[in-house]
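Student: I am new to this structure and should like to understand the terms used for it. May we go through them in turn?

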Amino acid sequence: MKVLLTGGVGYVGSHTAVELLNNGIEIIVVDDLSNSDKKVIESIKSITGKDFKFYKIDYKDREKLEKVFEENQIDAVVNFAGYKAVGESVRKPNNLMPYIVRVASGKLKELSVFGNDYNTHDGTGVRDYIHVVDLANGHVKAIKKLNKSGMHIYNLGTGKGYSVLDIIKTFEETTGKKVKYKFAPRREGDIDIYYANPDKAKRELDWEAKRNLKDICRDSWNYMVKNTEE
Ligand SMILES: NC(=O)c1ccc[n+]([C@@H]2O[C@H](COP(=O)([O-])OP(=O)(O)OC[C@H]3O[C@@H](n4cnc5c(N)ncnc54)[C@H](O)[C@@H]3O)[C@@H](O)[C@H]2O)c1
């Protein structure tokens with residue numbers, strides 16, 4: 001089976017590339033490197049010991065993308081090529097971890113915690129956090145299930161919610177780094193609690209998240225340290 005991975009050099013894409021290759025699935029990577037480094041391609045190859053074709057193109061360039069399909073027998077496409085504008089990231093609570101990492105490393109002065117009067121155990125918003133490798137494996141399992149016709153939607157999450165303060169505390173305990181924060185007003189559109197129900201993915205894909213919050217904190221920090229040093 002051959003999978004076209006768009007945005008395959010980025011954060012989620014590169015982890016998914018490794019998991020697909022480790023599962024014996026061939027990949028073709030398309031990325032314009034607008035938010036990633038070519039060095040990651042070599043890292044994927046050296047981690048897995050496998051080779052793959054890479055096209056440095058913008059996937060919105062229809063002609064060039066059609067050529068990729070002509071040159072390769074593609075069975076499935078996984079798309080992770082997307083921009084995360086800063087404004088959008090700030091609004092989206094599931095992007096908390098990159099901010100925590102940047103504050104801990106001194107790149108940002110402090111973290112703004114939006115709202116501390118929500119109906120939760122400590123007043124801050126509760127969300128579902130998933131490890132990038134669990135997310136990547138969920139995609140591998142979904143790809144393997146492709147023989148099923150129709151449209152299928154799966155939630156990939158842990159089914160557990162953690163508050164912003166839970167995350168900060170676990171991050172500090174796991175990494176030994178301090179995360180300075182201040183409370184800021186609630187953001188429009190945010191709700192008290194939401195987390196995924198991953199039962200369908202467990203039932204139909206035999207997938208479940210295996211890594212916990214400490215793993216997420218430790219590995220996010222290590223990833224930043226490694227990719228800043230190199
Ligand atoms: N990382 C997270 O915590 C997270 C959480 C929720 C959702 N997401 C979503 O998942 C997707 C991937 O996130 P990520 O963290 O891996 O981001 P990333 O920026 O690390 O990866 C995106 C990759 O796509 C490439 N790209 C962007 N536009 C392209 C284009 N037009 N043509 C070809 N390549 C292009 C970039 O160069 C980059 O390598 C995004 O849509 C993001 O919003 C990420």
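Student: What makes a residue part of the shell around the ligand?

Tutor: A residue is near a molecule if its C-beta atom, placed from the backbone, lies within 6 Å of it. In this structure 24 residues surround the ligand, the closest being Gly7, Gly10, Val12, Ser36 and Gly82. Helix H1 (residues 11–22) gives the most to this shell, with 3 residues. This is a predicted model, in which local features need pLDDT of at least 70 and side-chain atom pairs count only at pLDDT 80 or more, while totals for chains, interfaces and linings use all residues. Residues are numbered from 1 along each chain as its sequence is written.

Student: Which residues of H7 are called buried, and what makes a residue buried?

Tutor: A residue is buried if 20 or more other C-beta atoms, placed from the backbone, lie within 10 Å of its own. In H7 these are Val164, Ile167, Ile168 and Phe171. Seen down the axis of H7, the directions to their C-beta atoms fall within an arc of 100 degrees, so these residues line one face of the helix.

Student: How do you know that the span of H7 agrees with what is expected?

Tutor: The expected span is 1.5 Å times one less than the number of residues. For the 12 residues of H7 (residues 164–175) this gives 16 Å, and the end C-alpha atoms are 16 Å apart, so the two agree. After H7 comes Gly176, with a positive phi near 75 degrees.

Student: How much of the chain is buried?

Tutor: Of its 230 residues, 30% count as buried.

Technical notes: Helix = DSSP H or I, 4+ residues; strand = E, 2+ residues; numbered from the N terminus. Buried ≥ 20, exposed ≤ 12 C-beta atoms within 10 Å, placed from the backbone.
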